[in-house]
Amino acid sequence: MRIRAAELRDDEVLTRANVAMAYETEGLTLDPTVTLAGVRAVLADPGRGRYFVAELDDRVVGQLMVTPEWSDWRAVWFWWIQSVWVAPEYRGRKVYRALHDHLLAEARRQGIFSLRLYVDRENRRAQAVYEALGMRHSHYDLFERET
C-alpha cells in the first residue's frame, strides 16, 4: 500500500468518496459540483487543508483530509481530521491504519502538536477504531451557528 499527498488529478475520486461518505455516515446528499469545488480549493491551497490518499494496485482506496488550527492557549498547531473514507471493499485491510500512521509521522515531522477529530456519539465503531489507534476521547461537545 502506498500513502501519498493527494494531487489535483485526484479531485474527482476525492469528490466521489466525500459524497459517498456523507451519505453513508450522516444520510446527507451532497451536491457533487459544490463538493468538487471544495476539494479543488483544498488541493490548490494547503493552508486550507491537506488530503492524503491510500493506493493499492494503482487505485485510490482510501483518503483523509486534515485542516490546521492554531491554539493561542498553547501556541501550537493542531490538525483536525475532517473526513475519512475507505472504499467498502477495502475495509478491514488496514487502509485507515496506514493513512493514520502516515499522517501521524507527517504531523510529527512538521511539529504539529496533536491530531483531533469529531466522531458522532452514536458511531461506536468509529470510536473503537480511534481508541485502538491511541486517541483519547474528549469531554467537548460541538456547538455551531451558521452565519
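**Exercise 1. Classify Pro 32 as buried, partly exposed or exposed, and place Pro 32 in the chain.**

Step 1. In this predicted model, Pro 32 has a relative accessible area of 48%. Buried would require under 20% and exposed over 50%, so Pro 32 counts as partly exposed.

Step 2. The residue belongs to helix H2, which covers residues 32–44.

Step 3. With residues up to four places away in sequence set aside, Pro 32 touches Thr 15 and Val 19.

Step 4. For a distance along the chain, take Pro 88, which lies 56 residues from Pro 32 in sequence. The C-alpha atoms of the two prolines are separated by 20 Å.

**Exercise 2. Give the order of the elements of the chain and decide how its radius of gyration compares with the globule rule.**

Step 1. Count the elements: there are four helices and five strands.

Step 2. Read from the N terminus, their order is β-α-α-β-β-β-α-β-α.

Step 3. For 147 residues the globule rule gives 15 Å, and the radius of gyration of the chain is 15 Å, so the chain is as compact as a globular protein of that length.

Step 4. Along the principal axes, the C-alpha atoms fill a box of roughly 40 × 35 × 30 Å.

Step 5. Consider contacts with a separation of 6 or more: 56% of them join residues 24 or more positions apart.

**Exercise 3. Describe the largest nonpolar core, and state which element gives the largest share of it.**

Step 1. This core has 24 residues, and Tyr 96, Leu 99 and Leu 103 have the most contacts inside it.

Step 2. The elements giving two or more residues to the core are strands S2 (50–56), S3 (59–71), S4 (76–86) and S5 (114–117), together with helices H3 (95–109) and H4 (124–132).

Step 3. H3 supplies the largest share, five residues.

Step 4. Take Leu 103 and leave aside neighbours within four places in sequence. Leu 103 is then in contact with Phe 52, Leu 64, Val 66, Trp 79, Ile 81 and Leu 115.

Step 5. A second core, separate from the largest, has eight residues, among them Ala 6, Val 53, Val 60 and Met 65.

**Exercise 4. Summarise burial, surface and charge for the chain.**

Step 1. Of the 147 residues, 39% are buried.

Step 2. The accessible surface is about 10100 Å², and carbon and sulfur atoms account for 50% of that area.

Step 3. The chain has 21 positive and 22 negative charges, and the mean positions of the two sets are 5 Å apart.

Conventions: Residues numbered from 1 in each chain as written. Predicted model: local features only at pLDDT ≥ 70, side-chain atom pairs only at ≥ 80, totals over all residues. Heavy atoms only, no water. Rg over C-alpha atoms; globule rule 2.2 N^0.38 Å. Buried < 20%, exposed > 50% of the residue type's maximum accessible area, 1.4 Å probe, protein only. Contact = heavy atoms within 4.5 Å. Areas by Shrake-Rupley, 256 points an atom, 1.4 Å probe, with all protein chains shown as cover. Lys, Arg positive; Asp, Glu negative; His and termini not counted. Charge placed at Lys NZ, Arg CZ, Asp CG, Glu CD. Core = buried A, V, L, I, M, F, W, Y, C linked by side-chain atoms within 4.5 Å.
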